[in-house]
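Here is a short report on one protein chain. It starts with the helices, then turns to the core, the aromatic pairs and the charged pairs.

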Amino acid sequence: MGVTSSSSKGIADELNMRSDQFPWEKIVYTNLEDRPEKQRVYFRATVEAAVDGLWRELYALLPPKVGESSTDQPKEGDTERDDELLVERFCEFMKGGDCKESFKTLEDCVKESGSVLKCTKHLPMLIKCVDAHSDYYKPIIALGESTVKQLAKDVEAFVLSQKEPAARDD
């Protein structure tokens, strides 16, 4: 295989969520209200699908413990408690490795502000730590990367589909 130029790569090919240059603020704070309705609906649906997929993968990666409310995948209607337990298992996993301090900093910010979206300034420190200790955090790294890449592919496909009708009119 030959080397491809960066101009021939898609969004997903160039995306590295662990990079210091990853545009967290641009992605998190993009104002969808300035976009046409079709784009807003699509982007929201795409993000919701990515989050749903992430939760399913997290349930598989961090299964319920004996004695928790459910040892099966969550069922429609009883997900709130199961989601809380999953978050607890995720936090326990993150604090079980060498990045417990940087994770705790992010966790404290989220508790104080009420939103992870207000705590993006703490992500680069956590990501650097996770990268430095990838032996332990490998499952989380892989899950995050696959989720972001799929989301980028979905967005890129939508963007390309918006350009195609003009080309088909020829």
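Helices here are DSSP runs of H or I with at least four residues, numbered from the N terminus. By that count, Glu-107 and Lys-111 both belong to helix H5, and their 4-residue separation is about one helical turn. The model is predicted. We return to this pair below.

**Overall make-up**

The protein chain has 7 helices and 0 strands. Read from the N terminus, the order is α-α-α-α-α-α-α. The chain has 170 residues, and 29% of them count as buried. About 11,600 Å² is exposed, with 55% of that area supplied by carbon and sulfur atoms. Take the contacts between residues at least 6 apart in sequence: 62% of these join residues at least 24 apart.

**Helix H3**

Helix H3 covers residues 37-61, which is 25 residues. From first C-alpha to last, H3 reaches 36 Å, close to the 36 Å expected at 1.5 Å a residue. Which residues of H3 are buried? They are Arg-40, Phe-43, Thr-46, Ala-50, Gly-53, Leu-58 and Tyr-59. Leu-58 also has partners further along the chain. Leaving aside residues up to four places away in sequence, Leu-58 touches Leu-86, Phe-90, Ile-140 and Leu-143.

**The nonpolar core**

In soluble globular proteins, nonpolar side chains tend to be buried together. The largest nonpolar core in this model holds 21 residues. Those with the most contacts inside this core are Leu-58, Phe-93, Met-94, Cys-99, Leu-126, Val-130 and Tyr-137. H3, H4, H5, H6 (123-132) and H7 each give two or more residues to the core. Which helix gives the largest share? H6 does, with 5 residues.

**Aromatic pairs**

The whole structure contains 4 aromatic pairs. One of them joins Phe-90 and Phe-103, with ring centres 5.9 Å apart and planes at 75 degrees. Planes over 60 degrees apart count as edge-to-face, so this pair is edge-to-face. Phe-90 sits in helix H4 (residues 79-95) and Phe-103 in helix H5 (residues 100-113), so the pair links parts of the chain 13 residues apart. Is each ring's residue buried or partly exposed? Phe-90 is partly exposed, at 22% relative accessible area. Phe-103 is buried, at 6%.

A second pair is made by Phe-93 and Tyr-136. Here the centres are 4.6 Å apart and the planes 15 degrees apart, and the pair is stacked. Phe-93 is in H4, while Tyr-136 is in H7 (residues 134-168), 43 residues away in sequence. Phe-93 counts as buried because its relative accessibility is 18%, under the 20% limit. Tyr-136 is partly exposed, with a relative accessible area of 30%. Phe-93 and Tyr-136 also join Tyr-137 in one aromatic cluster. Phe-93 and Tyr-137 are both among the core residues with the most contacts.

**Salt bridges**

Side chains of opposite charge can pair when their charged atoms come close. The search of the whole structure finds 3 salt bridges.

| Salt bridge | Closest N and O atoms |
|---|---|
| Lys-95 and Glu-107 | 2.8 Å |
| Lys-104 and Asp-108 | 2.8 Å |
| Glu-107 and Lys-111 | 4.0 Å |

Where do the partners of the Lys-95 bridge lie? Lys-95 is in helix H4 and Glu-107 in helix H5, so this bridge ties together parts 12 residues apart in sequence. Lys-95 is partly exposed, at 31% relative accessible area. Glu-107 is buried, at 12%.

The bridge between Lys-104 and Asp-108 stays within H5, where the two residues are 4 apart, about one turn of the helix. Both partners are partly exposed: Lys-104 at 34% relative accessibility, Asp-108 at 35%.

Glu-107 and Lys-111 are likewise 4 residues apart in H5, separated by about one helical turn. Lys-111 is exposed, at 60% relative accessibility. Which residues make up the network of bridges with shared partners? Lys-95, Glu-107 and Lys-111 do. Glu-107 takes part in the bridge to Lys-95 and in the bridge to Lys-111.

Note on methods:
Residues numbered from 1 in each chain as written. Predicted model: local features only at pLDDT ≥ 70, side-chain atom pairs only at ≥ 80, totals over all residues. Heavy atoms only, no water. Buried < 20%, exposed > 50% of the residue type's maximum accessible area, 1.4 Å probe, protein only. Contact = heavy atoms within 4.5 Å. Areas by Shrake-Rupley, 256 points an atom, 1.4 Å probe, with all protein chains shown as cover. Expected span 1.5 Å × (residues − 1). Phe/Tyr/Trp six-rings, centres within 6.5 Å; stacked < 30°, edge-to-face > 60°. Core = buried A, V, L, I, M, F, W, Y, C linked by side-chain atoms within 4.5 Å. Salt bridge = Lys/Arg side-chain N within 4 Å of Asp/Glu carboxyl O.
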